[in-house]
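Here are a few short exercises to work through with the model open beside you. Try each one before reading its solution.

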Amino acid sequence: MRKQCMILVVSLLAFCGAARAAETLAYTAAELKQAEELLVVMGVPKQMQEMTQMMLSAQTANHPQAAALRGILEPFFQKYISYDALKGDMAIIYAETFTGPELKELIALFKTPIGKKFVERNPELSARGAALGQKRIQEHLPELIERLRTLDKPAAPAPVPAAK
């Protein structure tokens, strides 16, 4: 029995390793380079930098004690969630999602006037969409609070069936 378990474990590990290897071979080096180019023409480096600054500003505005932490948070974010820190992994995501020809088409799209306009306006569109979601939650917050309050109330005991 122990030998069968070991064979099963080794087989599973081999399968997982093969599946992981197949994942990493799902794109070519050229597609990875195209994915990196796509990220650049989509304005991702600038968007990520702006997003990080907005997060830091929001945190320090909402929590004055966090202002003292900015000197720690900013280098930490730069090290782990900046474009330079994530671009390789982000390029892999795009290279796994789109084929080489699709990446070429997307790059071409984002180099057109309408593509550039989309890149320029997308942060505003995203912010407006997020604000709309926040507004809707605020409008219906009493309903949410009421539903959450029902979680605090003990459940009524189930009725006991009458004896026959």
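A residue counts as buried when its relative accessible area is under 20%. Keep in mind that this is a predicted model.

**Exercise 1. Decide whether Q34 is buried or exposed, and find its contacts.**

Solution.
- Start with its location: Q34 sits in helix α2.
- Next, take its relative accessibility, which is 14%. The cut-off for buried is under 20%, so Q34 counts as buried.
- Finally, set aside neighbours within four places in sequence: Q34 is then in contact with G100, L103, K104 and I107.

**Exercise 2. Describe the largest nonpolar core and say which helices supply it.**

Solution.
- Begin with the count: this core has 16 residues.
- Then look for those with the most contacts inside the core, and you will find L38, L39, V44 and F110.
- Now turn to the helices: at least two core residues come from each of α2 (29-41), α3 (44-62), α6 (83-97) and α7 (100-111).
- To finish, pick F110 and leave out residues up to four places away in sequence: F110 touches L38, V41, M42, G115, K116, F118 and V119.

**Exercise 3. Summarise the chain as a whole: its helices and strands, its burial and its exposed surface.**

Solution.
- Count the elements first: there are nine helices and zero strands.
- For burial, 16% of the 164 residues count as buried.
- For contacts between residues at least 6 apart in sequence, 70% join residues at least 24 apart.
- For the surface, the chain exposes about 12,900 Å², and carbon and sulfur atoms supply 66% of that area.

Notes
Residues are numbered from 1 along each chain as its sequence is written. This is a predicted model: local features need pLDDT of at least 70, side-chain atom pairs count only at pLDDT 80 or more; totals for chains, interfaces and linings use all residues. Side-chain values use heavy atoms; hydrogens and water are left out. A nonpolar core is a set of buried Ala, Val, Leu, Ile, Met, Phe, Trp, Tyr and Cys residues joined through side-chain atoms within 4.5 Å. Buried means under 20% relative accessible area, exposed over 50%, partly exposed in between (1.4 Å probe, protein chains only). Helices (H or I, at least four residues) and strands (E, at least two) are DSSP runs, numbered from the N terminus. Contact means heavy atoms within 4.5 Å. Accessible areas come from the Shrake-Rupley method with a 1.4 Å probe; for residues, only the protein chains shown count as cover.
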